[in-house]
Amino acid sequence: MPIDTDVALSAAPTVRDASWTERDVILYHLGLGAGVDSLDPAELRWVYEKDLRVLPTFAMVAGQGVSAGAVTPAGLSLPGIDIDLRRILHGGQSVTVHAPIPVSGSATISSRIADVWDKGKAAVIVLEQSAVDADGNPLWTSAMQIWARGEGGFGGDAGPDVSNAVPERDADKTLASPTSTQQALVYRLSADMNPLHADPGFAKAAGFDRPILHGLASYGVVCKAVVDGVLDGDPTRVRSFSVRFAGTLYPGETIETAVWRDDDTLTLLATCPERDGQPVLTHATMEIR
């Protein structure tokens, strides 16, 4: 059978070691558009080693940047799941931060399939990663939702029904994040070297007008916008951040993030104003300290 949930959920986790330096952190932030105004102290703290801060979304690429050398990233390990990887989509992402991510450091990262949901026409595979430091202290836990088109109908649980609703009032704040035309070329140096984000011919063959920005880059751009615009530039105030990817963004377009605050919960909606408010990130929430 294409999906054997018993095998998938009982499989032993895969484990890898990861390390990074301040150069990896700086390059990651540059790939999110940080440092455009190099005279702004608020921007320098993302791209200059003096008083350098680390966004929690750096966890998505930790150990895969320039310090890792010329390595081939490991493929998806999906025991018990025999599907066509060409038909999968990165549907959603979350990260929960247990301790501030150091500007340079190392971690042991364990990956496992945490859930498999049957959505009828598609299956959703939740790939969870947990990172601990050298002393075994938790650093972060992330969850990637992988949408496998045409793989549903296997009789499994449908999973949670997460609302896409935003509060019925004007947003408390709206944050604009322009992207540069070369932003995908910089971001890909932190992890994902897929030619879809660099090669115009490859992008056209995939059905796009030109190379697109990585979904995880949009995830990081929105996180930075909220940290800067709502959390006084302090990334340690982010406890968790979860989203669904709703649409593509071309480098050079803008991400506009509407923010509604209710105590320690932020509800977010990220859209592209150049395309009449087309959604980029939905079902987005951030828990803060």
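Two strands pair if DSSP finds at least two bridges between them. Helices (H or I, at least four residues) and strands (E, at least two) are DSSP runs, numbered from the N terminus. The model is predicted: local features need pLDDT of at least 70, side-chain atom pairs count only at pLDDT 80 or more, and totals for chains, interfaces and linings use all residues. Residues are numbered from 1 along each chain as its sequence is written, and side-chain values use heavy atoms, with hydrogens and water left out.

**Exercise 1. Strand pairing around β4**

Describe how β4 (122-132) pairs with β3 and with β5, and give residues that stand opposite each other.

Solution.

Step 1. β3 (105-118) and β4 are antiparallel, with ten bridges between them. In this pairing Ser-110 faces Ser-130 of β4, and Ser-111 faces Gln-129 of β4.

Step 2. The link between β3 and β4 is a hairpin with three residues between the strands, and Gly-120 in its turn has a positive phi of about 90°.

Step 3. β4 and β5 also run antiparallel, joined by eleven bridges. Here Gln-129 is opposite Ser-142 in β5. The hairpin of β4 and β5 has five residues between the strands, and Gly-136 has a positive phi near 85°.

Step 4. β3 also pairs with β1 (residues 14-20), in the antiparallel sense and through seven bridges. Ser-110 in β3 is the bridge partner of Val-15; Ser-110 also stands opposite Ser-130 in β4.

Step 5. Eight of the eleven residues of β4 are buried, where buried means under 20% relative accessible area, exposed over 50%, and partly exposed in between (1.4 Å probe, protein chains only).

**Exercise 2. The second largest pocket**

What is the volume of the second largest pocket, and which residues and strands line it?

Solution.

Step 1. On a 1 Å grid over the protein atoms alone, a pocket is an open set of points with protein on both sides within 12 Å along at least five of seven lines, whereas a cavity is a set of points where a 1.4 Å probe fits but cannot get out; lining residues have an atom within 4 Å of a point. Grid points are joined across faces, edges and corners, and a volume is the space filled by probe spheres set on the points.

Step 2. The volume of the second largest pocket is about 310 Å³. Its lining has 26 residues, of which Gln-145, Val-162, Ser-242, Arg-244 and His-283 are the closest to the centre.

Step 3. Strands that each give at least two residues to this lining include β7 (238-245), β9 (265-272) and β10 (278-288). The largest share, four residues, is that of β10.

Step 4. By class, twelve lining residues are nonpolar, eleven polar and three charged. Ala, Val, Leu, Ile, Met, Phe, Trp, Tyr, Cys and Pro count as nonpolar, Asp, Glu, Lys and Arg as charged, and the others, Gly among them, as polar.

**Exercise 3. Salt bridges**

How many salt bridges does the whole structure hold, and is Lys-224 buried or exposed?

Solution.

Step 1. A salt bridge is a side-chain nitrogen of Lys or Arg within 4 Å of a carboxyl oxygen of Asp or Glu. The search finds eight.

Step 2. One of them joins Lys-224 to Glu-43, with the closest N and O atoms 2.9 Å apart. Lys-224 is in helix α6 and Glu-43 in helix α3, so the pair ties together parts that are 181 residues apart in sequence. Both Lys-224 and Glu-43 are buried.

Step 3. Asp-232 and Arg-237 form another salt bridge (3.5 Å, N to O). Asp-232 is exposed at 63% relative accessibility, whereas Arg-237 is buried at 19%. Glu-43, Lys-224 and Asp-228 are joined into one network by salt bridges that share partners.

Step 4. Arg-169 and Asp-172 form a salt bridge with closest N and O atoms 3.0 Å apart. Arg-169 is partly exposed at 36%, and Asp-172 is partly exposed at 45%.

**Exercise 4. Positive phi outside glycine**

Where is Asp-232 found, and what is its phi?

Solution.

Step 1. Asp-232 lies in the loop between α6 (215-229) and β7. Its phi is near 55°, a positive value in a residue other than glycine.

Step 2. Asp-51 has a positive phi as well, near 65°. Asp-51 is in the loop between α3 (41-47) and β2 and is exposed, with a relative accessible area of 51%.
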